[in-house]
Amino acid sequence: MIIKKNEPIINSLKLKSLSKESALISNKADLYFLSEHINKHNLEYLILGEGTNIVPPEFYDGIVIRSDYKNISYKSPDILTVGSAVNWDDLVKFTLENDIKGFENLSLIPGSVGASPIQNIGAYGVEVSSLISSIDCFDIKNSELLKLSNEECNFKYRSSDLKNSSLFIMSINFKIDSNRKLNSRYQSIQNYMNINEIDDASLTAKTLANIVSNIRRSVLPNHHEIFNAGSFFKNPILHKDDIDQKTFALDSLIIWELENNMVKVGAARLIELIRDKISPSENVSLFDKHSLVVITNGKANQSEVLAYAKNIQDIVFDIFNIKLDIEPNIIT
């Protein structure tokens, strides 16, 4: 394993960022060496996939660790094992080609397989946690191999216990269920099917994946062309009575009813309603087709992005009494 110095930190926001050290991990021997190196020198470390869900600093005073595990194999008839360095959408394409259901709603999500459970990625009514059987990982702090069950990951909405942990994910074991039903209930999927006269009886995993991809392309920018980290804010969950309605009534918002008078509120709509109040930034802005997507011109740094985000958070809180949480991982 070669440790490099002062390497750029790849990130889809195209922020200027360097790390003190970086390493590419290919095998278990690399992991044990890395653990010893980190613990011996008391280094901070960042485990990084494709950098599509981070807001990195201008300089990271530690070591950035990336995976080179690129295997895809069947461990048993009902378990698909996938290396953490595999591109997520490449995996989705593999499942479609091999008649494996469940991944089609997660088409076109950027990033690596290894990053997917950390944030519990989800889209169009499906979360990756519903597809995971177990995760093979290495605890850098304690220098030991682990296999975590789905339950041990403690998956939550856009989060898990893997987040900000000392665990390096080597591979993920996905459940294969040939009897899994296609999930086309999400409203934007239904709208697309109605407009294009597609009925449920004719729906296949491939056609559903194509629908999801078309919807995503219509509202979300390609991060290789327009620099972004996907949805920048989570949909907040709170008690309905806590929402301030002095400026906008509840029927102006997008709300999903939960139990005990709790609701999930569409963050995109909140930002749409206050968009004209956001202070302009030289290098940071909102994507014109989706108000949840913060974009840069490739000249920004972390401070500029976070200042722009805080301005949005402050306005939303002042008007709606709703706290917006940032979804990408802010690296310090």
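In strand 18, which residue is the bridge partner of Val 284? The answer is Thr 296. Good morning, colleagues. Before I continue, please note that the model shown above is a predicted one.

Let me remain with that pair of strands. Strand 17 covers residues 284–287 and strand 18 covers residues 290–296. The two run antiparallel and are joined by four bridges. The connection between strand 17 and strand 18 is a hairpin, made through two residues.

These strands belong to an open sheet of three, in the order 13-18-17, and the pairing is antiparallel. Strand 13 (227–231) and strand 17 are the edge strands; each has a single partner strand, so one side of each is left without a neighbour in the sheet. On average, neighbouring strands of this sheet are turned by 30° against each other, direction ignored.

Two helices lie across strand 17 and strand 18. One of them is helix 5, residues 267–274, which runs at about 75° to strand 18. The other is helix 6, residues 302–320, and its angle to strand 17 is about 55°.

I turn now to another sheet. It is open, has three strands in the order 14-16-15, and its pairing is antiparallel. Here the edges are taken by strand 14 (237–239) and strand 15 (255–257); since each has a single partner strand, one side of each is left without a neighbour in the sheet. Neighbouring strands of this sheet are turned by 35° against each other on average, direction ignored. Strand 14 and strand 16, the latter comprising residues 262–265, run antiparallel and are joined by three bridges. Within this part of the sheet, Leu 238 stands opposite Val 263 in strand 16.

Next, a helix pair. Two packed helices are described by the angle between their axes and the distance between the axes. For helix 3 (residues 187–195) and helix 4 (residues 205–219), the angle is about 105° and the axes are 10 Å apart. Helix 3 is therefore roughly perpendicular to helix 4. Which residues meet there? From helix 3 come Ser 188, Ile 189, Tyr 192 and Met 193, and from helix 4 come Leu 208, Ile 211, Val 212, Asn 214 and Ile 215. By class, the residues of this contact are seven nonpolar and two polar, with no charged residue.

My last topic is a pocket. Rolling a probe the size of a water molecule over the atoms shows where empty space is left. The second largest pocket holds about 230 Å³ of space. It is lined by 13 residues, and the closest to its centre are Lys 4, Glu 7, Ser 22, Ala 23 and Arg 66. Strand 1 (3–8), strand 2 (18–25) and strand 5 (59–67) are the elements that give two or more residues to this lining. Strand 2 provides the largest share, four residues. The lining of the second largest pocket divides into eight nonpolar, two polar and three charged residues.

To close, I return to the opening question: Val 284 has Thr 296 of strand 18 as its bridge partner. Thank you for your attention.

Definitions and conventions. Residues numbered from 1 in each chain as written. Predicted model: local features only at pLDDT ≥ 70, side-chain atom pairs only at ≥ 80, totals over all residues. Heavy atoms only, no water. Axes fitted to C-alpha atoms, helices over the stretch in contact; angles between N-to-C directions. Parallel < 35°, antiparallel > 145°, perpendicular 65-115°, else oblique. Contact = heavy atoms within 4.5 Å. Nonpolar A, V, L, I, M, F, W, Y, C, P; charged D, E, K, R; others polar. Pairing = 2+ DSSP bridges. 1 Å grid on protein atoms, 1.4 Å probe; cavity = no way out; pocket = protein on both sides within 12 Å on 5 of 7 lines; lining within 4 Å. Points joined across faces, edges and corners; volume = space filled by probe spheres on them.
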